[in-house]
Amino acid sequence: MTEQEKAEQVVTALRSARAAAPDAALQMLNGLMGLVRSPSDEQPLETEEARSSAFMSICEVGKALHRGQPTEALWPAAVSASERWLRLAR
């Protein structure tokens, strides 16, 4: 799977997870970790940084969901970071 395909799947799943119930959203986010954690082939540094930023943002949402904390302020950052990763991966 290419870096672009991974980023596309992550962006799509994040948009779905944002509208889902907290337990379902957490399961969706857990399913994304393998895509966001490991890069494909060697990527430019800017793309790697964008992927890492998406990973950290998604982790923050996941932690808040797991703890039952509000996530409204966290979703935009996760989606934005993932969209940036997607733009750079193209």
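A nonpolar core is a set of buried Ala, Val, Leu, Ile, Met, Phe, Trp, Tyr and Cys residues joined through side-chain atoms within 4.5 Å. With that in mind, the tour goes through a predicted model.

Begin by selecting Val-10, Leu-14, Leu-29, Ile-58 and Trp-75, which are the residues with the most contacts inside the largest nonpolar core, a set of 24 residues. Colouring by helix shows that α1, α2, α3 and α4 each give two or more residues to this core, and that the largest share, seven residues, comes from α2.

Next, select helix α1, residues 3-19, whose 17 residues reach 25 Å from the first C-alpha to the last, close to the 24 Å expected at 1.5 Å a residue. Its buried residues are Glu-3, Lys-6, Ala-7, Val-10, Val-11, Ala-13, Leu-14 and Ala-17, and these buried residues pack against α2, α3 (45-67) and α4 (75-89).

Stay on α1 and pick out Leu-14, which, leaving aside residues up to four places away in sequence, touches Leu-29, Leu-32, Ile-58, Trp-75, Ala-78, Val-79 and Ser-82.

Now add helix α2, residues 22-37, whose axis comes within 10 Å of the axis of α1 and crosses it at roughly 170 degrees. Angles over 145 degrees count as roughly antiparallel, and α1 and α2 are therefore roughly antiparallel to each other. To see where they meet, select Lys-6, Gln-9, Val-10, Ala-13, Leu-14, Ser-16 and Ala-17 in α1 together with Ala-25, Met-28, Leu-29, Leu-32, Leu-35 and Val-36 in α2; by class, this contact has ten nonpolar, two polar and one charged residues.

Definitions and conventions. Residues are numbered from 1 along each chain as its sequence is written. This is a predicted model: local features need pLDDT of at least 70, side-chain atom pairs count only at pLDDT 80 or more; totals for chains, interfaces and linings use all residues. Side-chain values use heavy atoms; hydrogens and water are left out. Axes are lines fitted to C-alpha atoms, for helices over the stretch in contact, and angles run from 0 to 180 degrees between N-to-C directions. Helices (H or I, at least four residues) and strands (E, at least two) are DSSP runs, numbered from the N terminus. Angles under 35 degrees count as roughly parallel, over 145 as roughly antiparallel, 65 to 115 as roughly perpendicular and the rest as oblique. Contact means heavy atoms within 4.5 Å. Ala, Val, Leu, Ile, Met, Phe, Trp, Tyr, Cys and Pro count as nonpolar, Asp, Glu, Lys and Arg as charged, and the others, Gly among them, as polar. The expected span of a helix is 1.5 Å times one less than its number of residues. Buried means under 20% relative accessible area, exposed over 50%, partly exposed in between (1.4 Å probe, protein chains only).
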